[in-house]
Each structure stands twice: as structure tokens, then as C-alpha cells.
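Me: Please take a close look at one part of this model, the aromatic side chains and their surroundings. I would like one connected account rather than a list.

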Amino acid sequence: MLFNSALRNISRVGLRSRTATATTAQQMRAKTTASGGIPTPVLQGWYNIFGKSTIGYATWLVAGIIVAEGITGTLSDSVWNSVNAGRTFETVDWTKFKTDDDDDEDEEDEEEEEEEEEEEEDDE
């Protein structure tokens, strides 16, 4: 009987220390995981700047939306340009489409401009 009571006391003490250790571990885990891995001072700073007022939070949302839109716009444009390389107006090599007829027209236009300039000089 004396042995049984001593065993009970030891087991109770062991349970208490395990429970206390488990509670402390749970509290520590709650402190670190409650913020999702973001340190508590950073979250407190964010809250002090943006979270305390409605206008601060609205500013945070608008700024976040603008930044996210800029990032997604840039990413989608880069994907579009990489997939359509050589098919858009900016990326087509227009020298491939140059013909001799274009050169003749350019020469005629230059000759007409020169004649007009000579006539203007003669009029003065």
C-alpha cells in the first residue's frame, strides 16, 4: 500500500511536469505560428501604421492592388512578348518586306522635293 501511494505521487508529479512542458511548448508554438512566420514586431509595426484606422487600411489595400496590378501586367506582357516574338508590330523585321518599288518611289519623292526647293529658291 505504501508502494502504491508512492507510485501514484510520482506519476502525478510526472504528469504535471509533462503537462506544464506541453503547455509551455503550445504557448511558444502559438506565438510563432499565430503570425504565420512573420515576426511579431513587424506585424505590430504594420498594425500601428495601417491597421489602426480605416483610412490607413484602405490606403494599404489601394497601394497593394496597384503594386499587384503592375506586377501581373509586367509578367503577362513579358509572357505575351516571348510567345509572340516576331509576330507583333514592334518585333517584326521590316527590312525583309522592303521592295525595289519602294526605293523607286522614295527616289521620285526626293527628286520632287529637290525640285520644289529649287523653285522656292528661284522665287526668292
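Reply: What follows sets out the chain as a whole and then turns to the aromatic residues.

The model is predicted, and its chain has an average pLDDT of 79, with 65% of the residues scoring at least 70. Confidence is uneven along the chain: helix α1 (residues 2-33) has the lowest mean, 61, and helix α3 (residues 54-83) the highest, 97. The secondary structure consists of four helices and zero strands, in the order α-α-α-α. Of the 124 residues, 4% count as buried. The exposed area of the chain is about 11300 Å², and 58% of it comes from carbon and sulfur atoms.

Now the aromatic rings. A pair of such rings is described by the distance of the centres and the angle of the planes. The chain has six aromatic pairs. One of them joins W46 and W60 in an edge-to-face arrangement, with 5.5 Å from centre to centre and 80° between the planes. This pair links distant parts of the chain, since W46 belongs to helix α2 (residues 40-51) and W60 to helix α3, 14 residues apart. W46 is partly exposed because its relative accessibility is 28%, which lies between the limits of 20% and 50%. W60 is also partly exposed, at 40% relative accessibility.

Another pair is formed by F89 and W94: the ring centres are 5.4 Å apart and the planes stand at 50°, so the pair is tilted. F89 has a relative accessibility of 63% and therefore counts as exposed. W94, at 47%, counts as partly exposed.

Returning to W60, this residue also belongs to an aromatic cluster together with W46, F50 and Y57. Two members of that cluster, Y57 and W60, contribute to a nonpolar surface patch as well, alongside L61 and I65. The patch covers about 410 Å². W60 thus has a place in the edge-to-face pair, in the cluster and in the surface patch.

A buried residue offers a contrast to these partly exposed tryptophans. T88 lies in the loop between α3 and α4 (100-123). T88 counts as buried because its relative accessible area is 17%, and the cut-off for buried is under 20%. The side chain of T88 makes a polar contact with the side chain of T91, at 2.8 Å.

Note on methods
Residues numbered from 1 in each chain as written. Heavy atoms only, no water. pLDDT = per-residue confidence, 0-100. Helix = DSSP H or I, 4+ residues; strand = E, 2+ residues; numbered from the N terminus. Patch = residues over 30% accessible without salt bridge, like charges linked within 9 Å, V, L, I, M, F, W, Y side chains within 5 Å. Areas by Shrake-Rupley, 256 points an atom, 1.4 Å probe, with all protein chains shown as cover. Salt bridge = Lys/Arg side-chain N within 4 Å of Asp/Glu carboxyl O. Buried < 20%, exposed > 50% of the residue type's maximum accessible area, 1.4 Å probe, protein only. Polar contact = N/O pair within 3.5 Å; in protein donor to acceptor, adjacent residues only side chain to side chain. Phe/Tyr/Trp six-rings, centres within 6.5 Å; stacked < 30°, edge-to-face > 60°.
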